[in-house]
Number of protein chains: 2
Amino acid sequence: MKATLIHGRHDIRVADVPDPVLRDDTDAIVRVLRSCICGSDLWPYNSAEDSPGGNRIGHEFLGVVEDTGSAVRTLRPGQLVVAPFVWADNTCDFCTQGLHTSCRHGGGWGSDGTDGGQGEAVRVPFADGTLVPMPGEPDDALLASMLTLSDVFPTGHHAAVSANVRRGDTVAVVGDGAVGLSAVLAAHRLGAERIILLGRHTDRTDLGRTFGATDVVAERGDEAVERVRELTGGDGAHATLECVGYVEALRTAIESTRDGGLVGRVGVSQYTDVPLGVGSFMRNVGIRGGVAPARAYIEELLPDVLDGTVRPGRVFDRTVGLDGVPDGYRAMNEREALKVLIAP
Amino acid sequence: MKATLIHGRHDIRVADVPDPVLRDDTDAIVRVLRSCICGSDLWPYNSAEDSPGGNRIGHEFLGVVEDTGSAVRTLRPGQLVVAPFVWADNTCDFCTQGLHTSCRHGGGWGSDGTDGGQGEAVRVPFADGTLVPMPGEPDDALLASMLTLSDVFPTGHHAAVSANVRRGDTVAVVGDGAVGLSAVLAAHRLGAERIILLGRHTDRTDLGRTFGATDVVAERGDEAVERVRELTGGDGAHATLECVGYVEALRTAIESTRDGGLVGRVGVSQYTDVPLGVGSFMRNVGIRGGVAPARAYIEELLPDVLDGTVRPGRVFDRTVGLDGVPDGYRAMNEREALKVLIAP
């Protein structure tokens with residue numbers, strides 16, 4: 001089959017790889033219908049060491065079950081399924097408490113001899129635990145929104161949950177990438193009354209407004225903090241969702257947060273230290289979050305996706321076939337595309 | 001009257017100051033029965049700039065109402081009251097949500113022309129909001145425990161609440177000072193099943209054991225983290241309470257916390273940055289807490305103090321009169337005393 005490999009910095013190739021086969025009796029083989037490129041894929045895209053053999057990449061996909069191991073109980077060939085961006089047994093103590101990213105038997109797509117998501121098919125470990133069946137025969141738009149359940153929409157939701165967003169809250173969202181926009185949508189869904197989106201790409205912040213943002217702040221750094229404080233009577237936001245991953249964005253998030261509030265961080269940390277000194281100590285501002293346990297949220301988010309209450313698939317503004325994946329990376333990296341959908 | 005002033009580094013003096021008088025109609029005058037020295041008083045003790053006039057100090061006290069302003073409704077002369085370590089109106093939105101340390105009209109003892117707690121009497125702003133009446137005619141031991149409601153016991157409780165300690169949890173407490181020991185007591189009171197106290201002063205950790213610590217770890221840094229992980233099957237503690245304030249203690253706390261867990265920080269931050277890089281991001285470890293809104297917790301903690309379920313006053317291991325306050329600072333600073341009670 002064909003799959004995407006990363007050979008080094010800015011070196012993405014689509015090549016022939018072995019077809020996946022069942023290895024453990026808890027495996028399933030999934031034929032990929034839709035995959036996509038993640039903002040977090042751009043970190044290796046911009047920094048990977050040279051690898052002559054290449055490494056499989058991609059961790060978001062939706063597809064049809066093709067085959068199942070003898071111990072798989074809940075899935076059958078032909079079923080449409082979404083895969084969260086890590087696999088997990090869904091039975092260990094971490095999974096039971098909703099932290100599938102720390103599953104005692106879990107792992108990441110493309111590592112440890114598994115397939116990446118940006119290919120034609122994937123061997124899925126712990127298929128019963130990992131995959132979530134989708135009902136019906138959805139159209140293209142619904143497929144795109146279903147695919148976001150793999151990562152980007154639950155990641156935005158995780159930011160909101162981690163920051164303890166409640167009905168009526170004022171929420172600030174730092175970052176207008178696909179994760180930031182998903183965080184806007186998630187905060188809106190959870191009942192936030194006012195959502196201040198910090199971003200300066202008007203095409204993206206415009207989509208943010210349709211997702212529920214009530215205010216847009218194009219400034220950055222101290223000026224952005226000042227604007228958020230102006231918009232909130234001097235107090236700051238009840239909850240702030242950090243969807244970038246740089247320490248400057250984190251500082252903006254912390255300073256934009258109301259006393260007693262929380263920063264929910266989901267931007268993959270490109271920092272080693274968080275600026276939470278005596279100022280935030282006296283204000284009781286904290287920080288939670290991290291890599292999102294998407295699997296824990298899919299059942300909760302699915303009904304609103306199915307009935308169109310939310311349309312998170314609107315973050316995709318370009319679709320490519322597998323051959324178009326290398327250019328998809330380039331386009332996302334150059335901010336020419338917000339998020340690239342792959343239809344293998 | 002006599003009161004304590006700080007004139008500079010290691011320069012504590014007891015001097016005559018004007019008797020407090022009612023200034024606003026919401027004020028009360030409280031004659032101090034018991035006060036004490038706080039670990040946080042040692043920060044200025046070790047670093048204050050020279051001040052020829054001196055600055056009033058002390059923020060924990062319990063006493064008897066002597067006089068009240070015309071607008072005071074809930075207090076009458078003769079009543080025994082505890083003062084939390086900041087004053088607050090107890091009616092603004094921050095107070096209503098339990099964050100009295102961010103009260104819109106609040107402030108700290110000894111600042112803005114108010115009295116410090118380490119003196120014979122104190123003018124109390126917003127007396128109805130600030131002071132909490134104590135029942136009965138308590139004996140010395142109960143007075144000591146009641147006095148801890150002013151700061152140190154609610155601060156330990158705030159660490160536990162901020163870290164979301166729940167019944168059955170394994171909790172690690174970093175620091176064996178009076179706050180750390182109070183955090184042990186608070187975690188035990190909230191139902192923690194196992195409490196690992198990190199400290200190396202056996203007289204203090206012995207008291208910690210009577211407060212509920214099930215394990216003591218005398219190692220520091222990476223070795224302490226290793227010990228906590230050994231004691232928890234490799235996982236770390238569900239919640240970790242940071243009661244020191246140095247970044248090394250914070251790093252130990254973060255690394256000792258189980259995936260998905262929270263660090264509750266109450267050690268006054270002597271750091272500008274918190275080491276919460278990609279490791280804690282992937283493990284979803286967060287941090288909450290800060291200066292403790294003692295006022296919000298006093299009513300909840302009081303019944304257990306009154307009936308002897310908890311005896312937080314045992315953190316006091318020395319009692320001085322006002323004239324003994326300078327030596328009390330020295331003794332606490334040299335770790336000769338754990339916490340010094342003042343009986344003016």
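Domain bounds here come from an automatic or database domain assignment. The model described is a predicted one. For chain A, the assignment yields two domains. Domain 1 combines residues 2-151 with residues 293-342, and domain 2 covers residues 155-289. Between the C-alpha centres of domain 1 and domain 2 of chain A the separation is 27 Å. Contact between them involves 18 residues of domain 1 of chain A and 20 residues of domain 2 of chain A.

UniProt annotations, from an unreviewed entry, can be set beside this division. The record places "domain: Alcohol dehydrogenase-like N-terminal" at residues 25-135 of chain A. That stretch of chain A is 13% helix and 30% strand. Its end C-alpha atoms are 25 Å apart. The record also places "domain: Alcohol dehydrogenase-like C-terminal" at residues 178-301 of chain A. Here the span is 45% helix and 22% strand. The end C-alpha atoms of residues 178-301 of chain A lie 17 Å apart.

The largest nonpolar core draws on both chains and has 49 residues. Those with the most contacts inside it are Leu198, Val274 and Ile287, in chain A and in chain B. Strand 11 (170-174), strand 12 (194-198), helix 8 (221-231) and helix 9 (247-255) of chain A each give two or more residues to this core. Strand 11, strand 12, helix 8 and helix 9 of chain B do so as well, with residue ranges 170-174, 194-198, 221-231 and 247-255. Another core, of 48 residues, lies apart from it. Ala144(B), Ala159(B), Val165(B) and Ala213(B) are among the residues of that other core.

Val274(B) has contacts in both chains, leaving aside neighbours within four places in sequence. In chain A, Val274(B) touches Thr272(A), Asp273(A), Val274(A) and Leu276(A). In chain B, the contacts of Val274(B) are Leu250(B), Ile254(B), Arg265(B) and Ile287(B).

Strand 14 (residues 237-242) of chain A has five of its six residues buried, so the strand is largely enclosed by the rest of the structure. Strand 14 of chain A runs parallel to strand 11 of chain A, and four bridges join the two. Val173(A) has Leu241(A) as its bridge partner in strand 14 of chain A. Strand 14 of chain A also pairs with strand 15 (residues 257-265) of chain A, in the parallel sense, over five bridges. In strand 15 of chain A, Gly264(A) is the bridge partner of Leu241(A).

An antiparallel sheet occurs in chain B. This open sheet has three strands in the order 2-1-4. Strand 2 (11-16) and strand 4 (55-56) of chain B stand at the edges with a single partner strand each, so one side of each has no neighbour in the sheet. Two bridges link strand 1 (residues 2-8) of chain B to strand 4 of chain B, in the antiparallel sense. Leu5(B) is paired with Arg56(B) of strand 4 of chain B as bridge partner. Helix 12 (residues 325-333) of chain B lies across strand 1 and strand 2 of chain B. The helix runs at about 160° to strand 2 of chain B.

Helix 5 (residues 152-162) of chain B is mostly covered, with 10 of its 11 residues buried. The buried residues include Phe153(B), His157(B), His158(B) and Ser162(B). The buried residues of helix 5 of chain B pack against helix 4 (140-148), helix 6 (178-189) and helix 11 (294-306) of chain B, and also against strand 14 (237-242), strand 15 (257-265) and strand 16 (286-289) of chain B.

Asn164(B) follows helix 5 of chain B. Asn164(B) is not a glycine, yet its phi is positive, at about 60°. Asn164(B) sits in the loop between helix 5 and strand 11 of chain B. Its relative accessibility is 36%, and Asn164(B) counts as partly exposed. In chain A, Asn164(A) has a positive phi near 65°. Asn164(A) lies in the loop between helix 5 (152-162) and strand 11 of chain A. Asn164(A) is partly exposed, with a relative accessible area of 35%.

Phe316(A) is also a loop residue, placed between helix 11 (294-306) and strand 17 (318-320) of chain A. Phe316(A) counts as buried, at 12% relative accessibility. Leaving aside neighbours within four places in sequence, its contacts are Cys36(A), Ala144(A), Leu147(A), Thr148(A), Lys339(A), Val340(A) and Leu341(A). Phe316(A) and Ala178(A) are 138 residues apart in sequence, but their C-alpha atoms are 8.3 Å apart in space.

How values were computed:
Residues are numbered from 1 along each chain as its sequence is written. Chains are lettered from A and ligands numbered from 1 in the order in which they are written. This is a predicted model: local features need pLDDT of at least 70, side-chain atom pairs count only at pLDDT 80 or more; totals for chains, interfaces and linings use all residues. Side-chain values use heavy atoms; hydrogens and water are left out. A nonpolar core is a set of buried Ala, Val, Leu, Ile, Met, Phe, Trp, Tyr and Cys residues joined through side-chain atoms within 4.5 Å. Buried means under 20% relative accessible area, exposed over 50%, partly exposed in between (1.4 Å probe, protein chains only). Contact means heavy atoms within 4.5 Å. Two strands pair if DSSP finds at least two bridges between them. Axes are lines fitted to C-alpha atoms, for helices over the stretch in contact, and angles run from 0 to 180 degrees between N-to-C directions. UniProt positions are given in the numbering used here, feature names are shortened, and annotations may be inferred rather than shown by experiment.
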